[in-house]
Every structure is written in structure tokens, then in C-alpha cells.
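Biologist: Could you take me slowly through one part of this model, the surroundings of the ligand, and then go on to how some of the helices pack against each other? I am in my first year, so please name the residues as you go.

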Amino acid sequence: MCGIIAYIGKQKAVPILLEGLKQLEYRGYDSAGISVIQNEKIITLKAVGKVVELQNKIGAQDFLGKIGIAHTRWATHGKPSDRNSHPHGDCESNIFLVHNGIIENYQDLKKILQKKKHKFVSETDSEVLAHLIEEFNKKPASTRGDASSTRGGLDFKKSVLEALKLVRGTYGLAIINKNEPDKIIIARNGSPLILGIGKDEFIVASDASAIVRHTDKVIYLDDGEMAQISADGFEISNIKNKIVSKEISKLNWTLEESKKGGFPHFMLKEIFEQPEVIANGLRGRVEHFLSEDNFPILGGLRPIEKKLRRIKKIIIVACGTSYYSGLVGEYMLEEYAGIPTEVEYASEFRYRKPILDSSTAVVAISQSGETADTLAAIREAKNKGALTLGIVNVVGSTIARETDAGTHTLSGPEIGVASTKAFTTQLVVLVLWTLMLGRQRDMSSVMSKRIAQELKNMPKLIEGILKKSKEIKKIAKKYSYAKDFLYLGRKYNFPIALEGALKIKEISYVHAEGYATGEMKHGPIALIEENFPSIFICPKDSVYEKNISGMQEIKARGGKIIAIATTGDKEIARIADDVIYIPKTLEMLTPFISVIPLQLFAYYFGVAKGYDVDKPRNLAKSVTVE
Ligand code: G6P
């Protein structure tokens with residue numbers, strides 16, 4: 001995810017900014033850039049790749065400027081390139097800014113600004129903000145002889161305020177202006193921003209890790225707040241330009257802790273990030289399905305819209321956790337879009353003789369976009385003339401580039417090796433694709449709206465489950481004796497049983513098997529003996545009764561049962577030894593919420609055993625070899 005750092009004070013800004021960028025590296029990024037005010041000019045340098053590339057570009061140049069902003073970019077709009085890297089400037093190179101977040105109405109704003117003769121150099125949503133501020137800040141038409149300008153001439157802060165009033169979306173912003181070279185303006189809406197208060201200096205960052213080594217005194221900006229910072233002091237106001245008085249907090253995290261946002265492990269941080277990243281994945285997308293738009297189409301699929309209408313079969317190829325999200329996708333796409341769908345391990349697909357033609361879409365699902373098997377499968381499919389699509393997290397990754405079209409999952413970098421938030425954001429895209437492909441076929445707009453509306457609830461429902469983490473931790477401890485687990489579920493929750501078993505296997509090194517409940521009697525039941533634990537995913541859905549029968553069969557043989565059940569289900573509490581309740585939702589969306597207790601269960605189980613859950617033995621985050 002993108003990172004912001006800004007400095008104003010008595011020291012040279014560039015070394016401090018570069019060091020700050022390095023602290024933000026762990027978040028993952030694909031390019032970096034820096035702007036510094038010096039000799040009444042703004043000097044901007046950018047580089048694709050690591051911060052060290054930027055450092056090499058700077059080389060021996062000694063910049064004396066004491067005010068600057070810098071950014072690590074994780075591409076969302078536009079591929080990683082110097083042009084698309086931040087800081088972004090206006091037409092006159094007076095105003096430069098770094099931005100985290102997404103400006104949803106940037107296309108509309110861009111069109112308006114282009115009519116006013118603004119020239120854009122990047123494909124990003126962020127650049128629009130620099131031009132918008134310029135529009136308010138530039139001298140009035142009468143003094144500039146510029147007939148296109150009707151307003152303007154506001155001071156820097158007011159220009160930012162006016163610009164932000166027109167913006168829809170999220171932002172964490174740090175902005176500098178050559179014409180008011182003694183200040184930085186920062187603003188927040190939905191993207192974190194922290195103001196670090198040092199001795200005669202201020203450091204702003206999107207993340208405490210870039211601040212801790214300078215100061216432990218910080219102010220956390222809230223949504224709708226902005227600050228004007230000079231070397232002597234700062235003033236915080238809200239978007240209505242009313243001064244706000246804020247409490248100074250003490251940072252008591254070490255550098256390592258701050259990178260984890262105060263969580264003991266990245267895995268736990270990423271589990272807890274799910275409401276936020278799911279909301280990110282929905283923003284600006286789900287609205288299509290709620291509006292009166294007849295046949296909504298997602299941006300990344302627009303160029304192939306016609307081809308998608310002709311698709312008669314879908315084959316999903318993926319590995320690991322991504323494969324399991326594909327299995328959930330299979331149920332959705334067949335039930336609601338009416339398209340025959342197969343899911344295949346990418347490593348197998350490439351060695352089979354798949355029957356493909358131009359009416360088949362082969363979809364690669366991959367967090368990293370670099371998994372060698374998935375990439376090879378996509379290349380094979382391409383060679384055979386199939387349409388290739390990607391559901392990928394990392395923008396600019398090989399799979400994202402080599403597929404014909406696709407949708408990014410926008411979950412931000414996932415650092416814990418065991419995948420969590422990547423999985424649920426893949427599900428988001430699969431639901432959106434189901435709606436889109438369904439609407440191109442038989443799905444009614446009433447049905448698509450109903451699903452889209454409930455999909456919007458997922459962040460809230462997940463938040464509710466995360467609040468039960470202590471209860472789940474207790475249950476995980478209770479079963480710490482277990483050397484084997486059986487995970488069982490049916491229909492939409494069969495893939496979740498597989499994913500739950502994979503999670504605990506990955507980080508706790510215990511043997512676990514995921515099975516379709518109905519298949520349990522054909523083999524795994526032989527394993528059941530006194531105290532053998534089975535985890536049943538058993539919400540009140542169309543296969544509830546069948547799950548209960550399976551549960552009884554295990555109970556009769558002395559096995560222990562942990563049930564993931566729907567709130568209010570009292571019957572299950574009579575059979576199961578432990579119950580974790582999840583709220584009611586549409587059957588097809590239950591995987592979003594049933595997987596959360598299983599992620600937490602695996603996490604606490606692994607931690608209780610004393611393992612390094614972020615870096616499990618023998619596993620790699622991205623497997624780029626066959
Ligand atoms: C590795 C990781 C898994 C991941 C799988 C697929 O095995 O350890 O967590 O699910 O690769 O990775 P991808 O990046 O293609 O989703």
C-alpha cells in the first residue's frame with residue numbers, strides 16, 4: 001500500500017525523507033518519489049522500483065531544502081512508471097502533492113479540468129488533485145490574462161479546502177506550494193495520517209514506522225481534518241476551516257511494532273484489516289450494480305465487454321488459498337451467472353490437455369501475480385486461443401500484465417505468508433464478476449441489487465466477528481492438544497472447510513483435512529475417536545440439515561465438535577462442544593464471514609504453540625518456481 005512521508009524543520013529534508021521511505025518499504029510498493037523546495041523551486045525526482053533506485057538517481061547531489069514530501073506508490077490507477085509515481089504536480093510546477101487513497105470521481109474532475117486547459121501527464125487519480133488545487137490557487141483571470149479561469153487567487157490553504165469539497169473518495173495528502181514555500185498542508189479522509197512533533201521540526205507520515213525514530217509525540221488526524229504546518233508550529237482545522245484542538249499522543253511502539261500497526265504479527269493485522277480492504281475493493285465498483293445502470297461493467301473488463309457476452313465456459317486456475325477462492329467462485333458463477341465453471345490447480349492444468357477455444361475464459365486468481373504455475377497455465381491458455389483474465393492483487397505483476405483483462409483485488413500488500421485478506425478481496429471480485437456476467441445473461445436487476453446491497457454489509461459483519469477474537473482464542477487454546485483436525489462444510493462452505501484446514505496446517509504444523517460434509521462418511525469418519533476435533537461450518541442455509549446429520553455421526557463416535565453457526569441457532573449448541581456464531585447473510589456470501597473465525601482460530605492455535613506465524617517453515621509468500 002502507498003506510503004507518505006513529509007518533513008519541515010531545520011534539517012536537510014532529503015536524507016530524512018529517504019530514510020522515512022525505507023521505513024515504509026515493508027508495506028510493499030512499486031515506485032518512489034520525492035519533492036523538495038529549494039531556492040524558490042520545487043525539485044522532484046522519481047524512480048520505478050526500490051527506494052535505492054531513487055537514492056541512486058539523487059546520487060551525490062546535495063539538496064539543501066528543508067521542506068519536502070515523499071511517497072512510495074503501490075499502483076492502483078495506471079501501471080508503475082515514473083510518470084505515474086508521486087509526487088504529482090500542477091501545470092506550472094507550483095504545487096506538488098503525495099496522495100494515498102482513491103479519488104472516485106477523478107474521471108469527471110479530469111474532464112472539467114481538461115476543458116479548462118489543464119495538461120495531465122499521468123494516468124493517476126491523484127494528479128487531478130494537484131490541478132484542482134491549482135485551479136483555485138492561480139491568480140484570477142484579470143491579472144493573468146487567462147480567459148479560461150473564472151475563479152482563483154485563493155491562498156494555498158483555502159485552495160486546498162475548496163478542492164477537497166469537490167472530491168469524492170479517500171485521501172491522505174501532503175501538499176507543498178512553491179509560492180508559499182514555508183508550509184506543508186496535510187489532509188485526511190479515510191487514509192491514515194500522523195503528525196509527528198519533533199524539536200523544531202515536524203514529520204508527517206501515513207504510518208508510525210516512519211516517525212518513531214524522530215519523535216514519540218504524535219497527533220492522529222481524523223477524517224475530515226487538515227493541518228497547516230510550518231517550521232514553527234501547526235494549526236489543525238476541519239474541512240469547514242474551523243480550528244480543531246487535538247490531543248498529543250505518545251507513541252510507545254518500537255519500530256517493528258509500528259510496522260505491524262500495534263499488532264503482534266502481520267497475519268493478525270491483516271485479518272483485522274479485512275473490513276477496510278473489502279470496503280476498498282467495493283468502493284466505486286459496487287455502486288454500478290445498485291444504480292439503474294442496466295448492464296454494469298467493471299472498468300478493467302470494459303475493453304472486452306462484448307467477448308464476455310459470448311463466453312460459454314470459465315476455467316479458473318490458481319494455487320493455494322487463491323484456488324479455494326476460485327472454488328467459491330465456481331458455486332457463485334454457476335448458480336447466479338449460469339456459466340459452466342471449472343476450477344483447476346494451475347500446476348495440473350498445464351500438464352493436462354485442456355479443451356479450450358475462444359468461447360472459454362481462463363481466469364487466473366493470484367495474490368502476487370507471480371506464481372509460476374498460475375502464470376504458466378495462463379500462457380498455455382493464451383496459446384490455445386482462450387480469453388485470459390486475471391484477479392490479481394499486485395498491480396503491474398506478470399499475471400496482471402499478461403492476461404487480456406481483469407480486476408485488481410486492492411487488498412494492499414499481504415506480508416503474512418498465510419493468506420487472509422487477499423482471500424476475502426478475491427471473493428469480492430468474484431461476486432462482482434458474478435453480478436456482471438449474470439446481468440449480461442439471465443440475472444434480474446432486482447437480484448443483482450439484492451446481492452450488491454448485502455455485499456456492502458460485509459465489512460460491518462466482519463467487524464462484528466473480529467470482536468469475538470478473545471472467545472476464539474480461548475477455544476483455540478482449549479484444543480491445543482489436537483494433532484489432527486477435520487474441517488467440514490457443504491456447498492459454499494466446502495471451499496471454506498478446505499481453506500480453514502490449509503490455514504491451520506500452514507502455520508501450526510498440525511495435520512488437518514478439509515472435506516465436504518457428505519463425503520466424510522466415505523473415509524475420514526474412520527479417523528474419528530474419542531476427543532478427535534472436527535470443525536463444522538454449519539450456517540442456517542440450504543444444506544443446514546445435512547450438516548447436522550454429519551455432526552451427529554461424529555458425535556456418536558466420541559469426537560469433539562466446534563461449530564461455526566448462525567447467531568440464534570440454539571439447536572446446534574446442544575450438539576457441538578463449542579459454537580462460534582456468525583451473523584445471517586445471503587448463502588452465497590457466507591464464505592466472507594465463515595472464514596474469519598477459521599483464520600483467527602488458526603492464528604491463535606499457531607501462536608499458542610510458539611511458532612512464527614508470519615513466516616511458517618518451508619513456505620514462501622510467492623512461489624516463482626515450478
Ligand atoms: C504460496 C503462498 C500461499 C498462496 C499461494 C498462491 O503457496 O504461501 O499463501 O495462496 O502461494 O499464491 P498467489 O500469489 O498466486 O495467490
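Modeller: What follows begins with the ligand, moves on to three pairs of helices, and ends with two places in the loops of the backbone. Please keep in mind throughout that this is a predicted model.

Around the ligand there are 14 residues, and the closest of them are Ser 322, Ser 366, Gln 367, Ser 368 and Thr 371. Two of these residues reach the ligand through their side chains: an N or O atom in the side chain of Ser 322 is 2.6 Å from an oxygen atom of the ligand, while a polar side-chain atom of Thr 371 lies 2.5 Å from a ligand oxygen. With Val 417 it is the backbone that takes part, since one of its backbone N or O atoms lies 3.2 Å from an oxygen atom of the ligand.

We can now turn to the helices, beginning with α9, which covers residues 274-282, and α16, which covers residues 421-440. Their axes come within 9 Å and cross at roughly 30°; angles under 35 degrees count as roughly parallel, and α9 and α16 are therefore roughly parallel to each other. The crossing of this pair, α9 and α16, is right-handed. On the α9 side the contact is made by Gln 274, Val 277, Ile 278, Gly 281 and Leu 282, and these meet Lys 421, Thr 424, Thr 425, Val 428 and Leu 432 of α16. Sorted by class, the contact between α9 and α16 holds 5 nonpolar, 4 polar and 1 charged residues.

The next pair is α3, residues 106-115, with α4, residues 126-137, whose axes come within 10 Å and cross at roughly 45°. At that angle α3 and α4 are therefore oblique to each other, and α3 passes α4 in a left-handed crossing. Here Tyr 106, Leu 109, Lys 110 and Leu 113 of α3 meet Val 128, His 131, Leu 132 and Glu 135 of α4, a set of residues that divides into 5 nonpolar, 1 polar and 2 charged.

The third pair joins α19, residues 469-478, to α23, residues 590-608, and their axes come within 8 Å and cross at roughly 55°. These two helices, α19 and α23, are therefore also oblique to each other, and their crossing is right-handed. From α19, the residues Ser 469, Ile 472, Lys 473, Ile 475 and Ala 476 meet Pro 597, Leu 600, Phe 601, Tyr 604 and Phe 605 of α23. In the contact of α19 with α23 there are 8 nonpolar residues, together with 1 polar and 1 charged.

Finally, there are two places to look at in the loops. Most peptide bonds are trans, and most residues other than glycine have a negative phi. The bond that joins His 86 and Pro 87, however, is a cis peptide bond with an omega of about -5°, and Pro 87 sits in the loop between β4 (67-73) and β5 (88-89). Asn 241, although it is not a glycine, has a positive phi of about 70°, and this residue, Asn 241, is placed in the loop between β13 (234-238) and β14 (249-250).

Note on methods:
Residues numbered from 1 in each chain as written. Predicted model: local features only at pLDDT ≥ 70, side-chain atom pairs only at ≥ 80, totals over all residues. Heavy atoms only, no water. Axes fitted to C-alpha atoms, helices over the stretch in contact; angles between N-to-C directions. Helix = DSSP H or I, 4+ residues; strand = E, 2+ residues; numbered from the N terminus. Parallel < 35°, antiparallel > 145°, perpendicular 65-115°, else oblique. Left-handed = near helix turned anticlockwise from the far one by under 90°. Contact = heavy atoms within 4.5 Å. Nonpolar A, V, L, I, M, F, W, Y, C, P; charged D, E, K, R; others polar. Near = heavy atom within 4 Å. Polar contact = N/O pair within 3.5 Å; in protein donor to acceptor, adjacent residues only side chain to side chain.
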